[in-house]
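Subject: Handover of a structure model

Dear colleague,

Please find below the structure that I am handing over to you. I would be grateful if you could read the notes after it with the coordinates open.

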Amino acid sequence: MNLRMAAATTSRAFLYSHYYRSLPFFFPPFSTASGLPTLRHNNLRNPNVLSTVKCFRSSSGRPNVVEILEERGLLESLTSEHLRQVCTDPNLPPLKVYCGFDPTAESLHLGNLIGIVVLSWFQRCGHHPVALIGGATARVGDPSGKSLERPELDLDTLSRNTSGVTNTIMRILGGVSVLNNYDWWKEVRLLEFLKDVGRYARVGSMIAKESVKKRLESEQGMSYTEFTYQLLQGYDFLHLFRNEGINVQIGGSDQWGNITAGTELIRKILRVDAAAYGLTFPLLLKSDGTKFGKSEDGAIWLSPSMLSPYKLYQYLFSVPDVDVVRFLKILTFLDMDDIKQLESEMKRPGYLPNTAQRRLAEEVTRFVHGQDGLDEALKATEAMRPGADSKLDWNTIKAISEDVPSCSFPYHQVLDLSLVDLSVSSGLLDSKSAARRLLKQGGLYLNNSRVDSENKRIEPQDIVDGKLLLLSAGKKNKVLVQISDT
């Protein structure tokens with residue numbers, strides 16, 4: 001449909017969308033430009049969604065989500081202060097809020113989690129969250145915060161990434177509608193787009209955007225493809241506002257230029273003022289200004305197939321004291337009074353080190369992977385502690401296997417072998433004398449159980465699920481012995 005014709009029917013579209021938005025936690029039967037059904041997930045039984053929100057309530061009964069975000073350090077900028085009133089106005093229906101996620105990898109990472117958290121806060125306060133997968137925009141690549149142009153993705157990779165990112169969002173954020181901007185972009189014709197949309201985009205304003213200025217000043221410069229990204233994202237907001245009744249876009253602080261490109265297109269093409277809003281949140285950074293969410297091994301992924309719940313838990317557990325309170329505010333849904341109590345306890349004598357970090361790790365791991373994922377992480381953490389009472393099994397050891405050196409021996413070579421000999425042949429200790437000395441000191445463990453006798457030999461019941469042995473020298477040095485059939 002010609003975009004000018006679409007503008008003429010705006011009022012009818014608004015009436016349609018407002019009718020559906022007046023129904024609490026109900027998503028209209030969205031359709032796409034291609035006529036294909038959109039992907040949705042309305043699992044409102046998700047405990048992450050239904051938890052009680054103790055916060056700023058208005059006469060409408062809806063908590064003031066903007067003030068909540070501001071108090072927790074999750075608010076960077078607003079396109080209009082009017083959003084503070086709109087989000088709680090009893091005469092207006094709940095907001096429809098979207099956040100975009102380009103599928104540049106098979107999983108989202110910890111840096112993306114803050115967008116999901118903000119969407120969840122809107123949801124907890126009675127509004128309708130929408131996740132937009134950038135199946136089209138990922139083919140271009142967002143230049144924001146990047147010094148080089150993103151590598152081009154082939155269609156198979158893009159499809160695989162789209163599926164992975166969608167599954168991650170739906171698993172974490174119940175009750176969210178997931179759309180893909182490729183559904184409408186594949187129907188857009190270039191000449192029509194330039195005529196009906198491009199004429200409203202001022203080159204001077206586009207160049208003035210921070211993400212563009214930085215790249216133009218760099219040695220690598222910027223391609224025309226990347227330069228158009230803000231116009232593509234701006235059109236997404238226009239399309240969603242007009243066709244789906246979505247009136248708020250959220251994103252990281254580096255998305256400000258892209259978000260305002262959308263609010264400007266809505267104002268100019270649809271000729272409506274104070275109807276579409278943008279909100280940005282701070283990027284996830286450590287106190288030293290570096291990105292939080294990367295380890296020596298790479299990104300901290302949110303998909304359990306790419307990073308185990310145990311590893312996510314351990315990464316969060318290692319957050320320094322200087323950062324932990326801020327991360328509790330922005331990455332968890334703990335009551336602010338509880339966070340202040342933890343902060344106060346950290347300053348008192350007798351504070352048990354890492355108590356706040358443990359709470360952060362538990363809350364975030366549960367939000368990302370559910371209670372089962374947290375239980376798995378806690379069990380694996382316990383398994384890493386020599387002398388632990390928990391019984392080891394294959395799944396628990398598998399969760400920690402990447403963090404522990406390993407070796408492999410045939411079953412017949414290990415059975416009836418002395419633990420002293422195995423400690424040396426596995427590489428845990430350098431010599432038999434060192435093994436005997438450590439054993440006498442009470443520091444040698446088999447499957448987390450202390451061994452006291454030099455005569456201990458490996459028995460069939462020692463081999464975990466017939467596949468593994470875990471040897472420990474003290475608390476930190478471990479070796480995983482994998483048992484093969486031959």
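The notes below set out what was found, arranged by region.

The model is a predicted one, and the statements that follow should be read with that in mind.

Strands 3, 4 and 5

Strand 3 covers residues 96-101 and runs parallel to strand 4, with 6 bridges between the two. Within this pairing, Lys96 is placed opposite His128 of strand 4. Between the two strands the chain passes through helix 6, residues 110-124, and the resulting β-α-β crossover is right-handed.

Strand 4 itself spans residues 128-133, and 6 of its 6 residues are buried. The burial applies to both faces: His128, Val130 and Leu132 lie on one side, Pro129, Ala131 and Ile133 on the other, and all are buried. Strand 4 also pairs with strand 5, again in the parallel sense, through 4 bridges. One residue of strand 4, Ile133, has Asn180 of strand 5 as its bridge partner.

Asn180

Asn180 belongs to strand 5, which comprises residues 177-180. Is Asn180 buried or exposed? Its relative accessibility is 18%, and because buried means under 20%, Asn180 counts as buried. Beyond its neighbours within four places in sequence, Asn180 is in contact with Leu132, Ile133, Gly134, Gly135, Ala136 and Thr162. The side chain of Asn180 also comes to 3.0 Å from the backbone nitrogen of Tyr182. As a further distance for orientation, the C-alpha atoms of Asn180 and Thr137 are 9.8 Å apart, while 43 residues separate the two in sequence.

Cysteines

Two cysteines may be of interest here. Cys99 is buried at a relative accessible area of 5%, and Cys125 is likewise buried, at 1%. How many disulfides does the model contain? With a disulfide taken as a pair of cysteine sulfur atoms within 2.5 Å, the count is 0.

Ser303

Ser303 sits in the loop that connects strand 9 (298-299) to helix 15 (309-317). Although placed in a loop, Ser303 is buried, its relative accessible area being 10%. Its side chain makes a polar contact of 2.9 Å with the side chain of Ser305. Apart from neighbours within four places in sequence, the residues in contact with Ser303 are Ser107, Thr168, Arg171 and His369.

Thr332

Thr332 is another loop residue, found between helix 16 (321-331) and helix 17 (336-346). Thr332 has a relative accessible area of 1% and is therefore buried. The side chain of Thr332 reaches the backbone oxygen of Leu328 at a distance of 2.5 Å. When neighbours within four places in sequence are set aside, Thr332 is in contact with Arg72, Trp121, Phe327, Ile339, Leu360, Glu363 and Val364.

Glu70

Glu70 is part of helix 4, residues 65-71. With a relative accessibility of 41%, Glu70 counts as partly exposed. Its side chain and that of Arg84 are joined by a polar contact of 3.0 Å. Arg84 also appears in the contact list of Glu70, together with Leu75, once neighbours within four places in sequence are left aside. Phe281 lies 211 residues from Glu70 in sequence, yet the two C-alpha atoms are 9.3 Å apart in space.

The sheet of strands 10 to 14

What is the strand order of the open sheet of 5 strands? The order is 10-14-13-11-12, and the pairing is mixed. Strand 10 (406-410) and strand 12 (449-450) form the edges, each pairing on one side only. Inside this sheet, strand 13 (residues 468-473) and strand 14 (residues 477-484) run antiparallel and are joined by 6 bridges. Ala473 is the residue that stands opposite Asn477 of strand 14. In general, the strands of a sheet pair through backbone hydrogen bonds, in either the parallel or the antiparallel sense.

Yours sincerely

Note on methods: Residues numbered from 1 in each chain as written. Predicted model: local features only at pLDDT ≥ 70, side-chain atom pairs only at ≥ 80, totals over all residues. Heavy atoms only, no water. Buried < 20%, exposed > 50% of the residue type's maximum accessible area, 1.4 Å probe, protein only. Contact = heavy atoms within 4.5 Å. Polar contact = N/O pair within 3.5 Å; in protein donor to acceptor, adjacent residues only side chain to side chain. Pairing = 2+ DSSP bridges. Right-handed = clockwise from strand over helix to strand, strands pointing away.
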